[in-house]
Amino acid sequence: MAEFRLTQISDTHLARRLARLTQNFDRVRDHIDATRPDLVVNTGDLAFDAPTSPDDLDYARSLHDALPVPCRYLPGNHDIGDNPTQVGPTPSHPVNEKARQAYLATFGDDRWRFEAAGWCFIGLNSLVMNSDLVSETEQFDWLAGELAMTSGRPVALFLHKPLFLNAPDDAELATTAIRYVPMPARRRLVEMLRGVNLRLIASGHVHQRRDFTYGHTRHVWSPSAGFILPERLQERIGLKEVGLVEYRFRTDSFEVRHVRAAGQIDFDLDEVWAKGPKAASPAKAPAATG
Ligand SMILES: [Fe+2]
Ligand SMILES: [Fe+2]
């Protein structure tokens, strides 16, 4: 295959009760139907909030099943719970094996690897990092084996949480620790990746679009396909808009296109809740953490 076309979507946050998120997903589906990439990757937060509404996972799966191309998935914190961190408060729904198993039963593997157009593509479950779950150790062991087989070929890594804000050794802050892969797992992951030809890290979670290069690795933050977070809940780092990311991989090169599906609307979290059946407080809404 001379060229491999991959579309990344993220943070779809689907729920039967939140029609505006389904509305934006439908526009994304139309775009995918028109462009027909070789693969769609959803980098997590498939469900609006599975830890409190388990049906959200099934609903998200049913909508993804209607996409007209192959899909791969990775879990987000609103699918299986969040990472414990060294400095931040304990998450209201910490990641746990039961939630992970529910994800596996609905969406399949939470880590994967495949090759296309001379590239190695690796997807990781970033939520088990720093969790002390058995699957954290299993994933690191699995990753070491997979990285050893890349043999200098370019590697593209997909995961829900960005590795860091600007640099691998950024200090963890209590207010933002849940935004990135937590220490000390981050340090271990960075060390493991140092030995391979890592060209791209594609993440989601922050609900902001960002694109920067550190060393020879490009870091692409996909925006949410569904909604943005208002300023009072989250500072601006990149671009606050909904959308998706399109990639074209060729032997030893790749292109990135930041796009929006026609008709996608920049709903903010307040608007997402506005027509919901429950009068929930946006400040306490589970998705406020991204
Ligand atoms: Fe997230
Ligand atoms: Fe999210």
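Q: What makes an atom a donor to a metal?
A: A donor is an N, O or S atom within 2.8 Å of the metal (3.2 Å for Na, K and Ca); water is not among the atoms, so sites may look incomplete. This is a predicted model, where local features need pLDDT of at least 70, side-chain atom pairs count only at 80 or more, and totals for chains, interfaces and linings use all residues. Residues are numbered from 1 along each chain as written, chains are lettered from A and ligands numbered from 1 in written order, and side-chain values use heavy atoms, without hydrogens and water.

Q: Which residues coordinate the iron ion (ligand 2)?
A: Asp 11 (OD), His 13 (NE2), Asp 45 (OD) and His 207 (NE2) do, at 2.1 to 2.3 Å, which means these N and O atoms fall within the 2.8 Å limit. Along the sequence, their spacing reads D-x1-H-x31-D-x161-H. Asp 45 also coordinates the iron ion (ligand 1), 3.5 Å from the iron ion (ligand 2).

Q: Why is the site of the iron ion (ligand 2) called irregular?
A: Four donors are tetrahedral if all angles lie between 85 and 135 degrees; four are square planar and six octahedral if opposite donors are over 155 degrees apart and all others between 65 and 115; anything else is irregular. The angles among the four donor atoms here run from 88 to 177°, so tetrahedral is ruled out by the upper value. The site counts as irregular.

Q: Are Asp 11 and His 13 buried or exposed?
A: Both Asp 11 and His 13 are buried, meaning under 20% relative accessible area (exposed is over 50%, partly exposed in between; 1.4 Å probe, protein chains only).

Q: How do you know that β1 and β2 pair?
A: Strands (E runs of at least two residues in DSSP, numbered from the N terminus) pair if DSSP finds at least two bridges between them. β1 (residues 3–9) and β2 (residues 39–42) share four bridges in the parallel sense, so they qualify. Thr 7 stands opposite Val 40 in β2. Both strands belong to an open sheet of five, ordered β3-β2-β1-β10-β11 with mixed pairing.

Q: What makes β3 and β11 edge strands?
A: β3 (71–73) and β11 (253–259) each pair on one side only.

Q: Why do β4 and β8 stand at the edges of their sheet?
A: This open sheet has six strands in the order β4-β5-β6-β7-β9-β8, with mixed pairing. β4 (112–116) and β8 (210–214) each have a single partner strand, so one side of each lacks a neighbour in the sheet. Further in, β6 (residues 154–158) and β7 pair in the parallel sense over five bridges, with Ala 202 in β7 as the bridge partner of Phe 158.
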